[in-house]
Amino acid sequence: MGIIGVLEFDQEITVAGRPDRKDFMTMSPSEGKAQQGKPWARYSIPGKQYADNLTKIQVSVRSANEILNGTGINLEAYKAKADRNEKYLIPEMKGKSVYLKSSVKTSQVAVRNIIGIVEGKNPDKYIILGAHYDHIGMGNGYIWNGADDNGSGSTGVLTIARAVMAAGAKPETNIIFAFWTAEEEGLLGSRYFVRNPEFPLAGVKLNMNFDMISRYISDDEPKKVTMTYTSSFPRFREITAGNIGKYGIDLLIDYQPSANPPGGTDHRSFVEAGIPVIRFKPGHREEYHTPEDETGTVDWDIMEKIIKICFADTWDLANEKW
Ligand SMILES: [Zn+2]
């Protein structure tokens, strides 16, 4: 029934990174008591509360009454009942529309991918191991440290880089070790990489993505890991199964070939660019994207085994005749 009012609100967003990150560099985090045998940590900033991401709109009682006018909904009666903890069934509002006008202030923050390369004998072929190194900053006065998401994956890539260097032999293919930025803001780092390549992407034979590799699917299934991979490369499965047996890595792999490997993380940037991918992932637990995603919840043995199989696969794939 037409416009009955115009509400305006301002919202401030950042493109990547968070300006409030400076704050937690200057505070000293403290770990709390151990809980159920696991270290318990809640890092808080005294006196500082951060709003939820939810957009809220406040209107005056006068505006609310204007909106409700003619609907039979009585704000005073509702408030009186709410004060007495009584239920109030709100009838459906019909023939009303509200026009909201919002403005968004955008601020740009400089962020970086961090890339290392071990040169292979063939300068034109690459395999890329990648993990995002960002997380989601702070919320409600807590630092969200992201041990599993994605301390675990970035540790995996770094560990394999060290192992490849320690091996001392030159692989056939260049191996890129990538730490992507701003995955949590929408795969910004990895997407930038594939859209602005420093070398022809046709030479990239594989992206192996590491994101959240340190939690069991359930405590009863400590060996189970999903391997999602591009189905047109059955060789990925063959190599993995071979290495599991050859090195006695005690994992139960659930092979998930797909023409369009799913998941909301950085390998999607490569899938979109038509590059084959592999991703190992154990569980997705309740601490995901909460301040409880802490090192105390990490299942170290599954993480270690995943890093081992990925190292063995990386070495074979870097010496594969592509
Ligand atoms: Zn993640």
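Is A182 buried or exposed, and at what relative accessibility? A182 counts as buried, at 3% relative accessibility. A few notes on the rest follow; keep in mind that this is a predicted model.

1. Overall picture. The protein chain has eight helices and 11 strands. Of its 322 residues, 42% are buried. Looking at contacts with a separation of 6 or more, 82% are between residues 24 or more positions apart.

2. The zinc site. I'd start here. The zinc ion is coordinated by H132 through NE2, by D149 through OD, and by D211, which is listed twice with OD, at 1.9 to 2.7 Å. Along the chain the donors follow the spacing H-x16-D-x61-D. H132 sits in strand β4 (residues 122-132), while D211 is in the loop between β8 (204-209) and β9 (224-230), so this pair links distant parts of the chain, 79 residues apart. Both H132 and D211 are buried.

3. Geometry at the zinc. What do the angles make of the site? The angles among the four donor atoms run from 50 to 147 degrees, and the site is irregular. For a tetrahedral call, all angles would have to lie between 85 and 135 degrees. Before reading much into this, note that water is not among the atoms, so sites may look incomplete.

4. A cis peptide beside a zinc ligand. D149, one of the zinc donors, is joined to N150 by a cis peptide bond, with omega at about 10 degrees. N150 is found in helix α4. As a reminder, most peptide bonds are trans. I'd look at this one alongside the zinc site.

5. α4 against α8. Helix α4 (residues 147-167) packs on helix α8 (residues 300-318) at an angle of about 45 degrees, and the axes are 10 Å apart. The two are therefore oblique to each other, and their crossing is right-handed. On the α4 side the contact is made by S152, T155, G156, T159, I160, A163, V164 and A167. From α8 come M303, I307, C310, F311, T314 and W315.

6. E304, also in α8. E304 lies in helix α8 and counts as partly exposed, at 45% relative accessibility. Its C-alpha atom is separated by 9.9 Å from that of T159, although the two residues are 145 apart along the chain. T159 is among the α4 residues that make the contact with α8.

7. α6 against α8. Helix α8 has a second partner to check. Helix α6 (residues 234-246) packs with α8 at an angle of about 125 degrees, with 9 Å between the axes. This pair is therefore oblique too, and α6 passes α8 in a right-handed crossing. F236, I239, T240, N243 and I244 of α6 meet I309, A312, D313, D316 and L317 of α8.

8. What does E320 touch, leaving aside its neighbours within four places in sequence? E320 is in contact with T173, R235 and I239. E320 is placed in the segment after α8 and is buried, with a relative accessible area of 18%. That value deserves a second look, because buried means under 20%. I239 also turns up in the α6 contact with α8.

9. Two positive phi values. Most residues other than glycine have a negative phi, so these two are worth opening in the viewer. N85, not a glycine, has a positive phi of about 65 degrees. N85 lies in the loop between α3 (75-83) and β2 (97-107) and is exposed, with a relative accessible area of 75%. A182 is not a glycine either, and has a positive phi of about 55 degrees. A182 is placed in the loop between β7 (173-180) and α5 (188-195). Unlike N85, which is exposed, A182 is buried.

10. P257. This proline lies in strand β10 (residues 252-258) and counts as partly exposed, at 44% relative accessibility. P257 touches Y229 and S231, not counting residues up to four places away in sequence. C-alpha to C-alpha, P257 and P234 are 8.0 Å apart in space, with their positions 23 residues apart in sequence terms.

Key
Residues numbered from 1 in each chain as written. Predicted model: local features only at pLDDT ≥ 70, side-chain atom pairs only at ≥ 80, totals over all residues. Heavy atoms only, no water. Donors = N, O, S within 2.8 Å, 3.2 Å for Na, K, Ca; no water. Tetrahedral: all angles 85-135°; square planar, octahedral: opposite > 155°, others 65-115°. Helix = DSSP H or I, 4+ residues; strand = E, 2+ residues; numbered from the N terminus. Buried < 20%, exposed > 50% of the residue type's maximum accessible area, 1.4 Å probe, protein only. Axes fitted to C-alpha atoms, helices over the stretch in contact; angles between N-to-C directions. Parallel < 35°, antiparallel > 145°, perpendicular 65-115°, else oblique. Left-handed = near helix turned anticlockwise from the far one by under 90°. Contact = heavy atoms within 4.5 Å.
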